[in-house]
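Q: I have a structure to go through before lunch. Can you put it up and take my questions as they come?

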Amino acid sequence: MKDEGISRLGEFIESELQCRFTLERREQAAVFRLPDLPFDLYLDGKAPWETTGVTDRRNSIFLFSEQLYRDFPKIGKRLKVLAGHAQRLYARQTVLARIDKRQAMEFQQEHHLQVALPGKYRYGLFHKGELVSIAIFSAGRNMRDLGTDYRSFELIRFCHKSDILVIGGLSKLISGFAADFHPQDIMTYVDRAWSQDSSLKRIGFQEVGIREGGLVWLTADRQIPLTEPNQLDSIRLAYPEGYLLPQFGSTKLRLTL
């Protein structure tokens, strides 16, 4: 499956990303160096902190053969957006509105790589009647150590329609949510397999910690962390349609309002 993944990624880079690349073999990883883009791709690589020379000033995106096999359409569209091959809209061209659970779940299932979550509060941006971007927020959490009325919320999912980039979209979604619920801060987690230096910092988010990774058993609607050595066999029997996926952890970010 790995050789198939290497071939598929190479063809995709040439035909869809339309850029040069060099292929390196590093232990068990295949490394695609992309000098024309702001990121490199690692197929079946180790976590960045375990692999000498992986992390540098360029962003590194870590993919796995089974993940490519299962989710290549979503992965390919996300890579095209990151490479600058997306339809660009501006937030001022969109209309902000609350969306319902069904809309939020269906949009995530079609456009988000992670398991869809309903959240508590759901907002969307519409362009000419079409839903093009969503943000899903948790319920508020009282942080009494920070003040009697201090409430923190989590941004648990954010994504655009796969082939669209809404410039300023997240800021508009957060502004709409903040106007309704007046949070003191909003926190979120960014997958380190896709970004080691989050672009969310440009809109005011600050890094406040790291959540460690591990192994998860991933299905269409579940992400089950493996916390015990003998857990995998029972999970595999209960959810045979899933697959094992390493997690590189997440960067915790907070936006103070």
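A: What follows is a run of short questions and answers on this model, which is predicted.

Q: Start with the four-stranded sheet. What is the strand order, and is the sheet open or closed?
A: The sheet is open, its order is β1-β2-β3-β4, and the pairing is mixed. β1 (22-26) and β4 (59-63) are the edge strands, each pairing on one side only. On average, neighbouring strands are turned by 25° against each other, direction ignored.

Q: Which sense do β1 and β2 pair in?
A: Antiparallel, over five bridges, with β2 covering residues 29-33. Within that pairing, Glu24 has Val31 in β2 as its bridge partner.

Q: And β3 with β4, parallel or antiparallel?
A: Those two run parallel and are joined by five bridges. Leu41 is bridged to Ile61 in β4.

Q: β4 is an edge strand. Is it mostly covered or mostly open?
A: Mostly covered: four of the five residues in β4 are buried.

Q: Which helices sit on this sheet?
A: Helix α1 (residues 2-17) lies across β1, β2, β3 (39-43) and β4, and runs at about 5° to β2. Helix α2 (residues 65-82) also packs on the sheet, where it touches β3 and β4. The direction of α2 makes about 150° with that of β4.

Q: Now the inside. How many residues are in the largest nonpolar core, and which touch the most other members?
A: That core has 33 residues, and Leu41, Leu63 and Leu79 touch the most other members. α1 gives the most to it, with five residues. At least two residues each come from α1, β2, β3, β4, α2, β14 (214-218) and β16 (243-247).

Q: Why would those residues group like that at all?
A: As a general point, nonpolar side chains in soluble globular proteins tend to be buried together.

Q: What does Leu79 touch?
A: Setting aside residues up to four places away in sequence, Leu79 touches Phe12, Leu17, Phe39, Leu41, Ile61 and Trp194. There is also a second, separate core of 23 residues, and its members include Leu89, Leu155, Leu170 and Ile186.

Q: Change of topic, cysteines. How many disulfides are there?
A: Zero, from a search of the whole structure.

Q: Is Cys19 buried or exposed?
A: Cys19 counts as buried because its relative accessibility is 11%, and the cut-off for buried is under 20%. Cys159 is buried too, at a relative accessible area of 8%.

Q: Where is Thr94?
A: Thr94 lies in the loop between β5 (87-90) and β6 (95-98). With a relative accessible area of 5%, Thr94 is buried.

Q: What does its side chain reach, and what else is Thr94 in contact with?
A: The side chain of Thr94 reaches the backbone oxygen of Ala91 at 2.6 Å. Leaving out neighbours within four places in sequence, Thr94 is in contact with Leu125, Phe126, His127, Val132, Val166 and Lys172.

Q: Last one, Pro183. Which loop is it in, and is it buried or exposed?
A: Pro183 is in the loop between α4 (169-181) and β12 (185-191). Pro183 is buried, with a relative accessible area of 6%.

Q: What does Pro183 touch?
A: Not counting residues up to four places away in sequence, Pro183 touches Arg151, Phe153, Phe177, Ala178 and Leu257.

Q: And what separates Pro183 from Arg8?
A: Their C-alpha atoms are separated by 45 Å, and the two residues are 175 residues apart along the chain.

Key
Residues numbered from 1 in each chain as written. Predicted model: local features only at pLDDT ≥ 70, side-chain atom pairs only at ≥ 80, totals over all residues. Heavy atoms only, no water. Pairing = 2+ DSSP bridges. Axes fitted to C-alpha atoms, helices over the stretch in contact; angles between N-to-C directions. Contact = heavy atoms within 4.5 Å. Core = buried A, V, L, I, M, F, W, Y, C linked by side-chain atoms within 4.5 Å. Buried < 20%, exposed > 50% of the residue type's maximum accessible area, 1.4 Å probe, protein only. Disulfide = S-S within 2.5 Å. Polar contact = N/O pair within 3.5 Å; in protein donor to acceptor, adjacent residues only side chain to side chain.
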